[in-house]
Amino acid sequence: MSTKTMHFIHYTVQSGDTLTVIANMFGTTIEQLVKWNKIANPDLINVGQKLIVNESDTPHDTFYTVKSGDTLTSIARRFGTTIEQLVKWNGIPNPDVINVAQRLIVAKSVPVQA
């Protein structure tokens with residue numbers, strides 16, 4: 001009998017988030033978020049709640065393209081991660097310098113035995 005490894009990306013709900021906003025951020029659907037997280041009422045999520053926002057049987061990353069006015073702080077906050085993680089994942093030599101149109105990894109999947 002073999003075990004299957006699934007890869008998940010998690011996101012922590014921020015103030016003002018809705019399932020629609022989160023689905024759009026991670027390129028998924030409200031229906032998938034409801035299914036993956038066994039959400040009884042899609043209109044009710046809580047700040048600080050940790051949600052699965054992507055599930056796959058292979059490792060994967062989520063990318064974001066830097067827009068004018070973005071900072072690592074605002075990007076980290078938006079995707080529920082830290083500046084330190086963004087720097088590490090993207091090999092950023094100076095966290096005070098990012099460029100418009102730069103493509104950044106903003107989330108990485110975590111393997112879990114299924």
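What volume does the largest pocket have? The largest pocket fills about 240 Å³, where a volume is the space filled by probe spheres set on grid points joined across faces, edges and corners. A pocket here is an open set of points on a 1 Å grid over the protein atoms alone where a 1.4 Å probe fits, with protein on both sides within 12 Å along at least five of seven lines.

## About the model

This is a predicted model, in which local features need pLDDT of at least 70 and side-chain atom pairs count only at pLDDT 80 or more, while totals for chains, interfaces and linings use all residues. Residues are numbered from 1 along each chain as its sequence is written, and side-chain values use heavy atoms, leaving out hydrogens and water.

## Around the pocket

Let's look at the lining, meaning residues with an atom within 4 Å of a point. Strand E1 (5–12) gives the most to the lining of the largest pocket, with four residues; strands are DSSP runs of E with at least two residues, and helices are runs of H or I with at least four, numbered from the N terminus.

## The nonpolar core

The largest nonpolar core has 29 residues, and Ile22, Phe26, Val53 and Ile75 have the most contacts inside it. Such a core is a set of buried (under 20% relative accessible area, 1.4 Å probe, protein chains only) Ala, Val, Leu, Ile, Met, Phe, Trp, Tyr and Cys residues joined through side-chain atoms within 4.5 Å. Helix H1 provides the largest share of this core, five residues.

Phenylalanine 26 touches (heavy atoms within 4.5 Å) residues including Ile9, Val53 and Phe79.

Methods. Buried means under 20% relative accessible area, exposed over 50%, partly exposed in between (1.4 Å probe, protein chains only). Lists of a residue's contacts leave out its neighbours within four places in sequence.
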